[in-house]
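Please look through the structure shown here together with the paragraphs that follow, which take a reader new to it from one group of side chains to the next.

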Amino acid sequence: ELVAEGGVGGRAARYRTNNETLLSGMRDMGFDEYLPPERQSVIITAFCYPKHPRFEFQEFYRRLNDKGFVIYPGKVSDIDCFRIGNIGRLFENDMSALLAAIRTTIDEMGVTLEPA
């Protein structure tokens, strides 16, 4: 698979595309990344919990999981966040499907966000 994908460079390009798709969609919904862009990798991205009073991570996680998507709790001590991976057997259409599920989930939860 690695050779068919164009080697390490080809795979890295797919990871970059996945990450760009994810970041664009999450920003459009109003989510903020934990790290500034210059410190961010294309492998996994941490997003801050929205400040909306109806956002509750466990419910958000459960609803996404029920839709077939798994995200990860953050491992940051000074801020509540969650992480989304961009690697593995994931492609741009998978990231777009995840973004659609996130949009549906926050709508179901009654969470409204303002894009930056």
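**Rings, a polar contact and paired strands**

In this predicted model, the charged end of Arg14 sits over the ring of Phe91, at 4.5 Å from the centre of that ring.

From a charge over a ring, the path leads to rings that pair with one another. A pair of aromatic rings is described by the distance of the centres and the angle of the planes. Searching the whole structure gives 10 aromatic pairs. One of them is formed by Phe31 and Phe60, whose ring centres are 6.2 Å apart and whose planes meet at 35 degrees, so this pair is tilted. The two partners come from distant parts of the chain, since Phe31 belongs to the loop between helix H1 (7–29) and strand E1 (44–48), whereas Phe60 belongs to helix H2 (residues 57–66), and 29 residues separate them. Phe31 has a relative accessible area of 2% and is therefore buried, and Phe60, with a relative accessibility of 0%, counts as buried too.

Helix H2 also holds a pair within itself. Phe57 and Tyr61 form a tilted aromatic pair, with 5.9 Å from centre to centre and 40 degrees between the planes. Because these two residues are four apart in helix H2, about one helical turn separates Phe57 from Tyr61. Their surroundings can be set side by side: Phe57 is buried, with a relative accessible area of 5%, while Tyr61 is partly exposed, with a relative accessible area of 26%. Ring pairs link these residues into a cluster, whose members are Phe31, Phe47, Tyr49, Phe55, Phe57, Phe60, Tyr61 and Phe82.

Turning back to helix H1, the reader can find Asn19 there. With a relative accessible area of 5%, which is under the 20% limit, Asn19 is buried. The side chain of Asn19 is joined to the side chain of Thr45 by a polar contact of 2.9 Å. When neighbours within four places in sequence are left aside, the residues in contact with Asn19 are Ser41, Val42, Thr45 and Asn86.

The last part of the path follows the strands. Strand E1 pairs with strand E3 (residues 81–85) in the antiparallel sense, over five bridges, and in this pairing Ile44 stands opposite Gly85 in E3. Strand E3 also pairs with strand E2 (residues 72–73), again in the antiparallel sense, over two bridges. Here Pro73 stands opposite Phe82 in E3, and Phe82 is itself one of the residues that ring pairs link into the aromatic cluster.

Notes:
Residues numbered from 1 in each chain as written. Predicted model: local features only at pLDDT ≥ 70, side-chain atom pairs only at ≥ 80, totals over all residues. Heavy atoms only, no water. Phe/Tyr/Trp six-rings, centres within 6.5 Å; stacked < 30°, edge-to-face > 60°. Buried < 20%, exposed > 50% of the residue type's maximum accessible area, 1.4 Å probe, protein only. Lys NZ or Arg CZ within 6 Å of the ring centre and 35° of its normal. Polar contact = N/O pair within 3.5 Å; in protein donor to acceptor, adjacent residues only side chain to side chain. Contact = heavy atoms within 4.5 Å. Pairing = 2+ DSSP bridges.
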